[in-house]
Amino acid sequence: MAEALVERRSIDVVPDEERHGTAFSQFTLWLGANLQITAVVTGALAVVFGGDVVWSLLGLVVGNVLGGAVMALHSAQGPKLGLPQMIQSRAQFGVRGAVVPLLLVILMYVGFFASGTVLAGQAVGELTHTGHTSGIVIFAVVTAVMAVVGYRVIHALGRLASVICALAFVYLGIRLLDQADLSALMKDAHFSLPMFLLAMSLSASWQLAFGPYVADYSRYLPRTTSGRATFWWTLSGSAIGSQWSMTFGVLVAATAGDRFLANQVGYVVGLGGAGLIASFLYFVIALGKLTINVLNTYGGFMSMVTSVSGFRGRRLLSRRGRVAYIAVIMIAGTAVALLGKDSFLASFKDFLLFLLTFFTPWSAINLVDYYLIAKERYDIPALFDPKGRYGAWRWDALVVYAVGLLAQLPFLSTAFYTGPLVDPLGGADVSWIVGLVVPALLYWLLARRNPVLPGGNESGAKAGAASEAVR
C-alpha cells in the first residue's frame, strides 16, 4: 500500500497513460500555497519599510499580476512536456550547463524552507506545547515525509489548504476590520515612487520565485490540457491567494505596528481569539506553511536530482535515493531555520530581493527560448544526453545569464549592497525589471540566428522513448 502511494517518477518524462487531473487543480494548489503567514509578512514589509496602505496595496497588486504572469507561463510548459521545470533549462544552458542556475535554485529552496519553518515552528510549538525549537524540528520532519510521497499528496494538501485557510482568512479579516479604522488608513495616502516600487518588487519576487518549480506540479496533466487554461488557473490561484494574504499583512502592519513585528504568529492568532479558536488558528498557520514547504522540499529534490544526473547519467531514481535527497534538503533547511529563528524579519526582505536578482534572468531566457525560439517543441531525449542536440554546455546562454545578472547591479538596493543608480531613481529598486528585459532581448537576438530546433513535435511523439531513456 505504501509503495503504491509513493510517487515513482522524478525527473523522467511522465508518459500519457499516467497523466491525470484538470487545469483547475493548479488553482487550488496555488491558492492554498499562498494563503499563509509568510505571504502575510511579505505584504506587511511594504508598510514596515515606509509605504502607506493605499499605494502599498496597489504596488503589491501590480507585482503579483506581472510576476504571476511570468510564473504561470512556466506552469503552462508542464502538460506539454511532462517534465519538471528545471530540466527544461538544459535546452537553453546545456545538459551540464544547467547546473549553474540549478545551484542557485537549490539555495532558494533551502532558504524558503528555513524561513517557512521558522514561522510554522512557532505555530507547531504553541499547538503541541513543546516550544519553538521542537516545533521547527517536528514541522520539518512532517514536510519531508509528505514530499517523499509526492505529487498526489501535494495536490490533495493544496485542495485542503485552499478551503481551510480561505475560511480562516475570512474570519481573521472580519476580526481585523472590527479593530481597524479602514477609512482613516485609506485617506492617509502619500505616493512615493521608491515605496511603490518596493511593494511591486516584494510581490513580484514572491511570484517569480515559484518559476523554477511551478511546472513540477502541472507535468502530470494530460497532454491535451489547454495551455491557456493552465496559465489562467495558475495565475488566478497564485495572484488571488498572495494578494489576499499580503493585503491582510498590509492592514495588520498599519494597525498593529510593533505588536505585529515582535511576534507575527502570536499576533495573528491573538487577533482571532483564545482557547479552541487559537488552537485552530495555530493549526491553520501550520497547514498553510506545510503546503508551501512541501513544494519547496519537492522542488529542491527535483533540482538536486537534475544537477547530479547531468554529470552521472540518466537513471530512474530509487525510493531510497528519493528519501536521501529529500533528507538533505530537510536537514539543511532545518539547520538554517534554527540558526536564524531570532532574526527572521530583519533578513527576509533582503533574501527575497536578492533571490530575485538570480531568477529573473533565468525566467527571461527560459520563456524566450520555449515560446519564441523553440515554439514549444523540445527534443526530450536530447535533454538527457550531453552529446546530443543541446550539448553539455551552451556558453551563449550562460554568457547572457551572466550579463543579465550584472545588468541588475546598478539598480539593486539591499542592506548589503546598493547600486549607483538607485539614488538618482529616488531609492527605487527596479533591478527585477532590468533582469527580465535585458537577458530576454539579448537571448532572442542570439538564439534566433542559430536556433536549436527539433525536426518535429518531439515533446509529444517521443515521450515514451524519453521515458525509457531515463530508465
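The predicted model holds 8 salt bridges. One of them joins R322 to E7, with the closest N and O atoms 2.8 Å apart. This pair links distant parts of the chain. R322 sits in helix α16, which spans residues 319-340. E7 lies in the loop between α1 (2-5) and α2 (24-34). The two residues are 315 residues apart. R322 has a relative accessibility of 3%, so R322 counts as buried. E7 has a relative accessible area of 8%, so E7 is buried as well. Side chains of opposite charge can pair when their charged atoms come close.

A further salt bridge joins E18 and R8, where the closest N and O atoms are 2.9 Å apart. Both E18 and R8 are placed in the loop between α1 and α2, 10 residues apart. E18 also forms a salt bridge with R9. For E18 and R9, the closest N and O atoms are 2.6 Å apart. These contacts belong to a network of salt bridges that links R8, R9, D12 and E18. Exposure varies among these residues. R9 is buried, with a relative accessible area of 2%. E18 is partly exposed, at 23%. R8 also counts as partly exposed, at 43% relative accessibility. The cut-off for buried is under 20% relative accessible area; R9, at 2%, therefore falls in the buried class.

Attention now turns to the nonpolar interior. The largest nonpolar core has 141 residues. Within this core, W30, F248, F260 and L295 have the most contacts. Helix α15, residues 276-312, contributes the largest share of the core, with 16 residues. In soluble globular proteins, nonpolar side chains tend to be buried together.

F260 gives a closer view of this core. F260 is found in helix α13, which covers residues 258-262. The relative accessible area of F260 is 1%, so F260 is buried. Residues up to four places away in sequence are set aside here; beyond them, F260 touches V40, V41, A44, V252, Y267 and V268. The position of F260 can also be compared with that of S183. These two residues are 77 residues apart along the chain. Their C-alpha atoms are separated by 21 Å.

Two polar residues were then examined. Q92 is placed in helix α6, residues 90-93. The relative accessible area of Q92 is 0%, so Q92 is buried. A polar atom of the Q92 side chain lies 3.1 Å from the backbone oxygen of Q88. The side chain of Q92 also makes a polar contact of 3.3 Å with the side chain of D369. Beyond residues up to four places away in sequence, Q92 touches I365, N366, D369, Y378, R394, A397 and Y443. D369 thus appears both in this contact list and in the polar contact with Q92.

T225 lies in the loop between α11 (193-208) and α12 (227-256). The relative accessibility of T225 is 18%. The limit for buried is under 20%, so T225 counts as buried. The side chain of T225 reaches the backbone oxygen of P222 at 2.7 Å. Leaving aside neighbours within four places in sequence, T225 is in contact with A23, P79 and T230. One of these contacts, T230, has a number that falls within the span of α12, residues 227-256.

The surface carries a nonpolar patch. The patch is formed by L372, V399, V403, L441, L442, W444 and L445. Together these residues have about 550 Å² of accessible area. Two helices, α18 (395-408) and α19 (431-447), each supply at least two residues of the patch. The largest share, 4 residues, comes from α19. L445 is one of the patch residues and is placed in helix α19. With a relative accessible area of 32%, L445 is partly exposed. The patch and the core can be set side by side. In the patch, L445 is partly exposed, whereas F260 in the core is buried.

Note on methods: Residues numbered from 1 in each chain as written. Predicted model: local features only at pLDDT ≥ 70, side-chain atom pairs only at ≥ 80, totals over all residues. Heavy atoms only, no water. Core = buried A, V, L, I, M, F, W, Y, C linked by side-chain atoms within 4.5 Å. Buried < 20%, exposed > 50% of the residue type's maximum accessible area, 1.4 Å probe, protein only. Contact = heavy atoms within 4.5 Å. Polar contact = N/O pair within 3.5 Å; in protein donor to acceptor, adjacent residues only side chain to side chain. Patch = residues over 30% accessible without salt bridge, like charges linked within 9 Å, V, L, I, M, F, W, Y side chains within 5 Å. Areas by Shrake-Rupley, 256 points an atom, 1.4 Å probe, with all protein chains shown as cover. Salt bridge = Lys/Arg side-chain N within 4 Å of Asp/Glu carboxyl O.
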